[in-house]
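Reader: I'm new to reading protein structures, could you walk me through this one slowly?
Author: Gladly; let us have it in front of us before we begin.

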Amino acid sequence: AGERAKQVVDWAFSEQQRIQQQTLRDKSAAARLVEERFPELRACMGSSVTKARLSQSLRWAVRNQVPVLTPQFYVDGQRLCDEDTDLGLEYTLARMLKRGGP
């Protein structure tokens with residue numbers, strides 16, 4: 001997206017619920033929505049150059065140990081431990097909500 005990258009990312013975040021919902025019904029919906037909003041990106045979406053740049057960025061993140069922690073949950077200003085965001089999520093959230101913190 002070049003100089004419009006921030007605009008594209010802002011749009012994607014503001015429309016993410018609609019994009020996700022439509023993609024559940026149609027796997028090509030996300031690409032179609034991007035093309036509708038940003039037709040100039042049609043040529044680069046899914047191209048080998050774009051895939052290579054994305055792969056390079058992901059490899060850089062791994063090599064530099066950039067923590068990608070999603071999802072992150074907060075209850076009353078307290079962050080839920082990473083370890084509790086999988087199997088113990090329901091139990092931990094119930095406890096935190098009941099007593100107002102971890």
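Author: What follows goes through the fold, the core, two glutamines and the pockets of this predicted model.

Reader: Okay, which secondary structure elements does the protein chain have, and what pattern do they follow along the sequence?
Author: The protein chain has five helices and two strands, and if you read along the sequence they follow the pattern α-α-α-α-β-β-α.

Reader: And how much of the protein chain counts as buried?
Author: Of its 102 residues, 15% count as buried. The protein chain exposes about 8,300 Å², and carbon and sulfur atoms supply 56% of that area.

Reader: What about contacts, how many join residues at least 24 apart?
Author: If we take the contacts in the protein chain between residues at least 6 apart in sequence, 22% of them join residues at least 24 apart.

Reader: Which residues make up the largest nonpolar core?
Author: There are seven of them, namely Val8, Trp11, Ile19, Leu33, Val34, Phe38 and Leu41. Helix 1, which covers 5–14, and helix 3, which covers 29–37, each supply at least two residues of this core. As background, nonpolar side chains in soluble globular proteins tend to be buried together.

Reader: Can we zoom in on Leu33, what does it touch?
Author: Leaving aside residues up to four places away in sequence, Leu33 touches Trp11, Arg18, Ile19 and Gln22. Trp11 and Ile19 belong to the largest nonpolar core, as does Leu33 itself.

Reader: Gln22 is in that list, so where is it, and is it buried or exposed?
Author: Gln22 sits in helix 2, residues 16–25, and it counts as buried because its relative accessible area is 19%, while the cut-off is under 20%. With the same neighbours in sequence left out, Gln22 touches Ala29, Arg32 and Leu33.

Reader: Then what about Gln16, buried or exposed?
Author: Neither, in fact: Gln16 is partly exposed, because its relative accessible area of 37% falls between the 20% and 50% limits. Gln16 is also found in helix 2, and its C-alpha atom is separated by 9.3 Å from that of Ala30, which is 14 residues apart from it along the chain.

Reader: Switching topic, which residues line the largest pocket, and how much space lies in it?
Author: About 360 Å³ of space lies in the largest pocket, and its lining includes Gln16, together with Val8, Val34 and Leu41, three residues that are also part of the largest nonpolar core. Helix 1 gives the largest share of that lining, with five residues.

Reader: What classes of residue are in that lining?
Author: The lining of the largest pocket has 10 nonpolar, two polar and no charged residues.

Reader: And the second largest pocket, what lines that?
Author: The second largest pocket holds about 230 Å³ of space, and it is lined by Ala1, Cys44, Val49, Thr50, Arg53, Leu54 and Ser57. By class, that makes four nonpolar, two polar and one charged residues. Ala1 and Cys44 are also listed in the lining of the largest pocket.

Key:
Residues are numbered from 1 along each chain as its sequence is written. This is a predicted model: local features need pLDDT of at least 70, side-chain atom pairs count only at pLDDT 80 or more; totals for chains, interfaces and linings use all residues. Side-chain values use heavy atoms; hydrogens and water are left out. A nonpolar core is a set of buried Ala, Val, Leu, Ile, Met, Phe, Trp, Tyr and Cys residues joined through side-chain atoms within 4.5 Å. Buried means under 20% relative accessible area, exposed over 50%, partly exposed in between (1.4 Å probe, protein chains only). Helices (H or I, at least four residues) and strands (E, at least two) are DSSP runs, numbered from the N terminus. Contact means heavy atoms within 4.5 Å. On a 1 Å grid over the protein atoms alone, a cavity is a set of points where a 1.4 Å probe fits but cannot get out, and a pocket is an open set with protein on both sides within 12 Å along at least five of seven lines; lining residues have an atom within 4 Å of a point. Grid points are joined across faces, edges and corners, and a volume is the space filled by probe spheres set on the points. Ala, Val, Leu, Ile, Met, Phe, Trp, Tyr, Cys and Pro count as nonpolar, Asp, Glu, Lys and Arg as charged, and the others, Gly among them, as polar. Accessible areas come from the Shrake-Rupley method with a 1.4 Å probe; for residues, only the protein chains shown count as cover.
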